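Trainee: Please take one part of this model and look at it closely. I would like the open sheet and what surrounds it.

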Amino acid sequence: MSEFFSMGGYGSYIWGSYAITAIAMIALLLATLRSLRNSRIERDQLETVLQARRPRRTKKAPKAS
Amino acid sequence: MNGFLAILQRDLRLALRQGADSVMVVAFFIVTTTLFPFGVGPEANILARIASGVIWVSALLAAMLSLERVFQTDYEDGTLELLTLSPVSLELLVLGKVLAHWLTTGLPLIIAAPLMAVMLNMDQNGFVTLMIAMLLGTPALSLIGAIGAALILGARRGGVLVSLLVLPLYIPVLIFGAGAVEAALLGISATAQLQIMGAILLITLAATPFATAHAVRQAME
Amino acid sequence: MHRFAKPSVFLKLTDPLLPWLAGATAILIATGLYFALFASPLDYQQGDTVRIMYLHVPAAWMGLFCYVGMAICGAMSLIWKHPLADICARATAPIGATFTALCLITGSLWGEPMWGTWWVWDARLTSMLILLFLYLGYIALVNAFDDPERGSKAGSALALVGAINVPIVKFSVDWWNTLHQPASIVRMDGPSVDPSMQLPLALMILGFTCYYFVLLILRVRLELNERRIRALQLSGMFDERSDQEAEKANSYDAGHNAEASQ
Amino acid sequence: MANFSGSDLTCLRGERLVFGGVSFAAQSGDAIMLRGRNGAGKSSLLRVMAGLLSPRSGQICWDDENIADDRIAHQARLQYLGHQDAVKPVLSVRDNLRLWGQLRGVKNLEQEIDTALDVLDIHHLSRVSGRYLSSGQKRRTALARILIGQSDLWLLDEPTVGLDRESCGEVSRMIADFRSSGGIVIYSTHIDLEVDNPVILDLDKFAIPMVEWLMEHSEFDDLGPDPAQEAAQ
């Protein structure tokens, strides 16, 4: 087993490249999923407000924020 | 054709009145080149070995330095909008502006290059090739750079951005420009390299005005 | 008249596709890894380090593939002015840049034990490095505008110009390399690819390609979501509101915070 | 008799709808005044008319020919005055104007420049370089530009910005002269420029209420649960 991990003495190079590739690919995927989730949440909230707001033009002073 | 001459004449006049631009480019070129002996040491044979590369890289950077101004000022004061709306094809006007840019920056560099070659101890038999290579290469630099200058109109941090966009595209010119001089220094014919540079110039001359004009129109939207 | 309508076609098409693609990615990469790490022969010259090839070559392939994809999107955006083409190009860039960087890193890790140096100005590695610069330039340009749409359009034009330039760069770098490189140095294409190596290589290449498509679909959705959010925010919903609506808006704030704190 | 018309124009800036369904028609001698709030799309419409901006939908025709088919011909017949004056600080007023005349291929250019300078009463400034001009003088230089060379269509975006009352009168006179010679003028202005019975195009009427519009066009609800559908269930 340890022979397998040492990879003929080149283990650090080989496992290093596999690890970096895995980390980069997984990180990219997770970052995308994360921002996708956040954007979906934010969008849903905005859509709710949109649906709640019936098309009517009541003039009122804009609320100070 | 009248439009081409009109814009060329105006840009040259602007460059003359605003002065400084060409002088700055040449000064930048000379200062950058002079930095190398400080970096690598003043041994004559090392300098002679790297002279062609150093001159080309410095010329590249110097040509790039002034790129941002090709369209930026015209964009800011509304001139570019009117040029887009003038009854002359925008490609032709772009070509006129690029020619003006080359005349005010590329040409002075070609004149300054042999001077720096002497200071870097380059062998005399490379001088003619260096001048010819720069004569073929610097217009291509201006043409390619104009695309970058047009793309960044309206962007934040335009100056740094244009170098990031344009420098990778400059690599072929650098390789063959320096290669031609090196061949000449070795006493080999540099015709092949110069022919390729001529081809690059022709391709850029044919293709880049369309890309640049497209980018300018995009910026006007 | 409405460009917002068109993307829904994309979503309808990709929705059923996504789980299949994700599954294919997992299976292909898993079997590819099995063959690459356990069931493939050693190279007589390079020994175990040849296993890096199963990452290096697919990454290089993806770097080029993504750039070609971006250029095609750029051309489509130019010809049909379809907003989805810009979005796809924009979504592809970070993926392509990641793979190009991975190609360089694995190449370097492969080069150290083989050539005794982390970096060789080898024609292929150098070309990949320039490709990485092109990606970085694209990403910087796209993000440099206040109006995201303007950025995407400028990016598409740049991708097209870059794609025309890539063969010229490749040619000139090859030429430069043969001129300066002594022939004795082992080149990347040194080991002839044994048929038993072709299988894991093909699996990994396919797996990476599927991974790209999964990520592309997700990132395009993300971009579409963000467009919709910007449109909603721009609509001025929050400007003039009655008490009733202000209440709703408050519940929005509350909901949002609740979600965020999960 | 020239005829300039647009039908069902929709304009999108960035990701924002500016206006939708705008139509207009003008014949030689007509003037159209664009009105509307800030951001109603007056400048955008003028840019669409000039061909700088492509409309999202609809088309603009000159004598029943789409302007997108022959841009150069359209650009030859129009004069556009934008927000900016495009006056180069290092060039004299005359040199500034000369470029635009040359680009239009004007014959007797110097004479035309003289006339234009006279009309706007800046002849005494002809040798002064742009950097010494006041903003009003720059605006008048820009206005002089549109007098140089033949044109059938003026698109003026806030022509009177930075001008005093007297100069506004000059602009009114310019417009009247141009119309009497068969030109079409389309302009936007905040102050009342004295123009004889212009057609008024109120862009506020064509504003697209984003909220309603977004509700109608929520096609990409397949991204997540549609609140409307949920409510219906």
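Mentor: Here is the sheet, followed by the core and a chain contact.

This is a predicted model: local features need pLDDT of at least 70, side-chain atom pairs count only at pLDDT 80 or more, and totals for chains, interfaces and linings use all residues. Residues are numbered from 1 along each chain as its sequence is written, while chains are lettered from A and ligands numbered from 1 in the order in which they are written.

Start with chain D. Its secondary structure comes to eight helices and nine strands (DSSP runs numbered from the N terminus: helices are H or I with at least four residues, strands E with at least two). Of its 233 residues, 44% are buried (20 or more other C-beta atoms within 10 Å of a residue's own; 12 or fewer is exposed, in between partly exposed; C-beta atoms are placed from the backbone). Take the contacts in chain D between residues at least 6 apart in sequence: 73% join residues at least 24 apart. A contact puts two C-beta atoms, placed from the backbone, within 7 Å.

Now the sheet. Five strands of chain D form an open sheet in the order β6-β7-β8-β3-β9, with parallel pairing. Pairing requires at least two DSSP bridges between two strands. The edges are β6 (78–81) and β9 (199–202) of chain D; each has a single partner strand, so one side of each lacks a neighbour in the sheet. From one strand to the next the twist averages 15°. Axes are lines fitted to C-alpha atoms, for helices over the stretch in contact, and angles run from 0 to 180 degrees between N-to-C directions.

Look at one edge. β6(D) runs parallel to β7 (residues 153–157) of chain D, joined by four bridges. Tyr80(D) faces Leu155(D) of β7(D). Helix α6 (residues 165–180) of chain D lies across β3 (31–35), β7 and β8 (184–188) of chain D, at about 150° to β8(D).

Leu155(D) leads on to Ile186(D). Beyond four places in sequence, Ile186(D) is in contact with Ala26(D), Ile32(D), Leu34(D), Leu46(D), Met49(D) and Leu155(D). Both Leu155(D) and Ile186(D) are among the residues with the most contacts inside the largest nonpolar core, which has 215 residues. Such a core is a set of buried Ala, Val, Leu, Ile, Met, Phe, Trp, Tyr and Cys residues joined through C-beta atoms within 7 Å.

Finally, another chain pair. In chain C, 22 residues are in contact with 20 residues of chain B. α5(C) gives the largest share of this side of chain C, 13 residues.
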